[in-house]
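Reader: Could you walk me through a protein model and tell me how each label is earned? I'd like to see the rule every time.

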Amino acid sequence: MDQATIGYKYADDSDDPHIGADPTIRAGTIIYNDVAIGDRFSTGHHALVRELTEIGDDVLVGTNAVIDGRTTVGSNVSLQTGVYVPSDTTIGEYVFVGPHAVLTNDPYPVRDDDSLAGPTIEDHASIGANATILPDVTVGARSFVAAGSVVVDDVPPETLAVGAPAEHRPLPEKIPRENEL
């Protein structure tokens, strides 16, 4: 059976990760050095958390989810199975990211030497399954990105983004304005 790797040494001068109280870290998970994680952290199987990532309290990183480093994740966040979070991304508090959603940080992959710019996901935002968020996009507070949507530009707070490319619509009244994670 696979074991978790806590403290993957990626550089000679890297420091052991800090993980808060009461974690649940499942088999196959790899957590690099130079990571700071809060209390009650939980992973599915085979999750990956790369170097220079900061994660708050009460965060779930689901099975086969990847946080690719140099990223900040707030408290009370749920990254479901297969989520990809690239480097240079900021995720606020009480954020839900559905299964197999993909956040991106490279506007011209292997074409240009531009600097990477991950998205910003603000507090209480929800991103549906299989959605794609393009580089340097902000998903506003209390917004909702529908499943399968492709978000190519900023989503204002309390807005529904739906389609490919995503169009912005008013948030339906039946959707609460804040997540309860």
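**Labels and the rules behind them**

Author: Let's start with Ile30, which sits in strand E3 (residues 30-32). Strands (E, at least two residues) and helices (H or I, at least four) are DSSP runs, numbered from the N terminus. This is a predicted model, so local features need pLDDT of at least 70 and side-chain atom pairs pLDDT 80 or more, while totals for chains, interfaces and linings use all residues. Residues are numbered from 1 along each chain as its sequence is written, and side-chain values use heavy atoms, with hydrogens and water left out.

Reader: Why does Ile30 count as partly exposed?

Author: The relative accessibility of Ile30 is 30%. Buried means under 20% relative accessible area and exposed means over 50%, with partly exposed in between (1.4 Å probe, protein chains only). So Ile30 lands in the middle class.

Reader: What makes Ile30 part of a patch, and with which partners?

Author: Ile30 joins Tyr8, Tyr10 and Leu52 in a nonpolar surface patch, with about 340 Å² of accessible area together. Patch members have over 30% relative accessible area and no salt bridge; nonpolar side chains (Val, Leu, Ile, Met, Phe, Trp, Tyr) are joined within 5 Å, and like charges within 9 Å.

Reader: How many aromatic pairs are there, then?

Author: The whole structure gives two. In one of them, Tyr8 and Tyr32 have 4.6 Å centre to centre and 50° between the planes.

Reader: What do you call that angle, and how do you know it's a pair?

Author: Rings of Phe, Tyr and Trp (its six-membered ring) pair if their centres lie within 6.5 Å; planes under 30 degrees apart are stacked, over 60 edge-to-face, and the rest tilted. The 4.6 Å passes and 50° falls into the rest, so this pair is tilted. Tyr8 lies in strand E1 (residues 5-8) and Tyr32 in strand E3, so the pair ties together parts 24 residues apart in sequence. Then the rings of Tyr10 and Tyr32 have centres 6.2 Å apart and planes at 40°, so that pair is tilted too. Ring pairs thus link Tyr8, Tyr10 and Tyr32 into a cluster.

Reader: Which of these is Tyr32: buried or exposed?

Author: Tyr32 is buried, because its relative accessibility is 13%. Tyr8, at 39%, is partly exposed, and so is Tyr10, at 32%.

Reader: Why is the contact of Arg50 and Asp68 called a salt bridge?

Author: The rule asks for a side-chain nitrogen of Lys or Arg within 4 Å of a carboxyl oxygen of Asp or Glu. Arg50 and Asp68 come to 3.6 Å, N to O, so they pass. The structure holds six salt bridges.

Reader: What makes Arg70 and Glu51 qualify?

Author: Their closest N and O atoms are 4.0 Å apart, and the pair counts as a salt bridge. Arg70 lies in the loop between E9 and E10 and Glu51 in the loop between E6 and E7, so parts 19 residues apart in sequence are tied together. Glu51 is buried at 8%, whereas Arg70 is partly exposed at 40%.

Reader: How far apart are the closest N and O atoms of Glu167 and Arg169?

Author: They are 3.7 Å apart, and these two form a salt bridge as well. Glu167 has 48% relative accessible area, so it is partly exposed. Elsewhere, salt bridges that share partners join Arg50, Glu51, Asp68 and Arg70 into one network.

Notes:
Accessible areas come from the Shrake-Rupley method with a 1.4 Å probe; for residues, only the protein chains shown count as cover.
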